[in-house]
Every structure is written in C-alpha cells, then in structure tokens.
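User: Hi! I'd like to learn how to read a structure like this one. Could you walk me through it, feature by feature?

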Amino acid sequence: MKNIKTDKSFLNGLKFLAVFCVIVAIGLWATVKINYSADTVRVMNDLKVNIGETAQELEFTAFVDEEDLLVDVEVTGKAYNINNHALSKDDIIVEASSSFIDSAGYKVVSLTARVADTAAGDFEITKITPSTVTVYYDRKVTDTFNVVARVNNDLENAVKEGYTVGKAVPSLNTVKVTGPATILSALKNVYFD
C-alpha cells in the first residue's frame with residue numbers, strides 16, 4: 001500500500017517546481033527582451049521648436065505662429081527607454097539654429113534636436129520632420145495708431161423700423177500696437193469691427 005503522505009509531498013514538490021520554472025522562464029525572457037532585443041522606433045508628435053538667440057542679439061525678433069513651430073521627432077532605442085512612461089516631450093529639445101540675420105524678411109531655418117539634461121535612458125534621435133521651418137524676422141517696435149470703428153452688420157435689417165443708427169464711435173481714440181516694424185510702418189489706422 002502506498003503512503004498517502006509521500007504522494008502529497010511529492011505532488012506539492014512538483015507544484016513548487018512548476019511554479020519555480022515558470023518564474024525563472026519569465027525572468028529569463030524579460031532579461032533577454034530587455035538586453036538583447038532589437039531597437040524600436042517611436043515618433044513623438046508636436047514637439048515645440050525653440051527659436052535661437054542669434055536673431056535677438058542683432059535686434060531682430062522672430063514672428064511666427066506657434067502652430068508653425070511644432071515638429072515630429074523620431075527616436076530609436078530599447079522599448080523600455082522610449083515608451084510613454086520613460087520618455088516625454090520634455091526630454092527632447094528642438095532648436096531652430098538661425099545663422100546671421102541682418103535684414104527683415106522670411107528665412108528658412110534648420111532644426112536640430114538634442115537630449116535634455118533631465119532625460120534618462122539610452123536612445124538616439126534619428127529624424128526631425130520637417131527639418132526646416134520658415135520664420136519671419138523683423139525689428140520689434142511699438143507705435144500709436146488712430147482707432148476707427150467699423151460696423152459690419154447689415155444695418156437695414158439689424159435696426160427695427162422707426163430707429164436709426166448714428167456714426168459708430170470708438171471708446172478709445174488711439175491704441176498702441178507692438179509688432180514687426182515693416183508691417184507697422186505700412187499701417188495708418190487700426191479698425192475695431
């Protein structure tokens with residue numbers, strides 16, 4: 001007759017061995033996946049471009065829409081280094097490296113990307129899309145302009161019968177505007193609609 005205690009301890013030993021083997025297999029798989037897997041690619045969308053200081057040193061300012069300064073950056077590295085939890089938009093700095101700016105106008109500026117000092121993990125920046133941006137440079141000035149009120153409504157239908165509309169008069173006679181010198185020099189009035 002078989003010993004029941006021996007059979008139970010043998011089955012418990014087999015269960016322990018099976019669980020131990022599964023844990024070791026998962027550990028080995030994770031080690032191989034982390035250390036020996038091929039690099040993966042991730043595209044980080046809508047990173048903001050920083051305009052370089054060269055233009056400001058020469059009294060020129062970049063005038064550009066914020067939406068025109070968003071680019072996509074492709075990074076390559078191990079999956080655990082470039083996933084959403086390990087790598088954020090703040091870990092990559094994209095800069096517009098403008099050369100000598102000596103006149104007002106549109107300039108095509110090359111972009112460069114680098115890893116921020118606060119970034120952790122090992123990865124490589126492989127591509128910036130687009131690789132250039134067009135920026136309008138000019139001197140920044142402030143000027144005072146006359147204010148002219150403009151009514152864009154169809155006055156015949158906007159006013160009830162028996163009423164009339166007089167001349168629209170703005171509450172301010174003048175307003176200060178700051179912007180590109182070339183464009184402001186062409187303005188005569190500021191219209192309030």
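Analyst: Happy to. Let's begin with a single residue and its neighbours: leaving aside residues up to four places away in sequence, Asn45 touches Val71, Asp72 and Lys89. Please keep in mind that this is a predicted model.

User: Where does Asn45 lie?

Analyst: Asn45 belongs to strand β1, which covers residues 40–51. Its C-alpha is 8.7 Å from that of Glu74, although 29 residues separate Asn45 and Glu74 in sequence.

User: Is Asn45 buried, exposed or partly exposed?

Analyst: The way to read this is to compare the relative accessible area with two cut-offs: under 20% is buried, over 50% is exposed, and anything in between is partly exposed. Asn45 has 42% relative accessibility, so Asn45 counts as partly exposed.

User: What is notable about the phi angle of Asp46?

Analyst: Asp46 has a positive phi, about 60°, although Asp46 is not a glycine. Asp46 is placed in strand β1. With a relative accessible area of 44%, Asp46 is partly exposed.

User: Which way do β1 and β3 run when they pair, and over how many bridges?

Analyst: For strand pairs, look at the direction and then at the bridge partners. β1 and β3 pair in the antiparallel sense, over seven bridges. One pair to find on your screen is Lys48 with its bridge partner Leu70 in β3.

User: How many bridges join β3 to β6?

Analyst: Six bridges join β3 to β6, and these strands run antiparallel. Here Asp72 has Thr129 in β6 as its bridge partner. Asp72 is also among the residues that Asn45 touches.

User: What kind of peptide bond joins Thr129 and Pro130?

Analyst: The angle to read for a peptide bond is omega. Thr129 and Pro130 are joined by a cis peptide bond, with omega about -5°. Pro130 sits in the loop between β6 (123–129) and β7. Its relative accessibility is 39%, so Pro130 counts as partly exposed.

User: Which residues does Pro130 touch?

Analyst: Not counting residues up to four places away in sequence, Pro130 touches Val71 and Leu111. Val71 is also touched by Asn45. Another spacing to check is Pro130 to Leu69: they are 61 residues apart along the chain, and their C-alpha atoms are separated by 9.9 Å.

User: How do I read a salt bridge, and which side chains meet in one?

Analyst: The general idea is that side chains of opposite charge can pair when their charged atoms come close. Here the side chains of Arg114 and Glu95 meet in a salt bridge, at 3.6 Å from N to O. This pair links distant parts of the chain: Arg114 is in strand β5 (residues 105–115) and Glu95 in strand β4 (residues 92–97), 19 residues apart. Both residues have some surface: Arg114 is partly exposed at 39% relative accessible area, and Glu95 is partly exposed at 29%. The count for the model comes to one salt bridge.

User: How do β4 and β5 pair?

Analyst: β4 and β5 pair in the antiparallel sense over six bridges, with Ser97 opposite Ser110 in β5. β5 also pairs with strand β7 (residues 132–138), again antiparallel and over six bridges. In that pairing, Ser110 stands opposite Thr132 in β7.

User: Which residues make the nonpolar surface patch?

Analyst: To read a patch, look for nonpolar side chains grouped at the surface. Phe10, Leu11, Leu14, Phe16, Leu17, Phe20, Val24 and Leu28 make one of about 820 Å². Take Leu17 as a case: its place is in helix α1 (residues 4–36), and Leu17 is partly exposed with a relative accessible area of 45%.

User: How many helices and strands does the chain have?

Analyst: The protein chain has five helices and 10 strands. Of its 193 residues, 24% are buried. The chain exposes about 14000 Å², and carbon and sulfur atoms supply 55% of that. Among contacts between residues at least 6 apart in sequence, 76% join residues at least 24 apart.

User: Which elements have the lowest and highest mean pLDDT?

Analyst: pLDDT is the score to read for the predictor's confidence in each residue. Among the elements, helix α2 (residues 54–57) has the lowest mean, 49, and strand β3 (residues 70–77) the highest, 87. The chain averages 79, and 88% of the residues score at least 70.

Key. Residues numbered from 1 in each chain as written. Predicted model: local features only at pLDDT ≥ 70, side-chain atom pairs only at ≥ 80, totals over all residues. Heavy atoms only, no water. Helix = DSSP H or I, 4+ residues; strand = E, 2+ residues; numbered from the N terminus. Buried < 20%, exposed > 50% of the residue type's maximum accessible area, 1.4 Å probe, protein only. Contact = heavy atoms within 4.5 Å. Areas by Shrake-Rupley, 256 points an atom, 1.4 Å probe, with all protein chains shown as cover. Salt bridge = Lys/Arg side-chain N within 4 Å of Asp/Glu carboxyl O. Patch = residues over 30% accessible without salt bridge, like charges linked within 9 Å, V, L, I, M, F, W, Y side chains within 5 Å. Pairing = 2+ DSSP bridges. pLDDT = per-residue confidence, 0-100.
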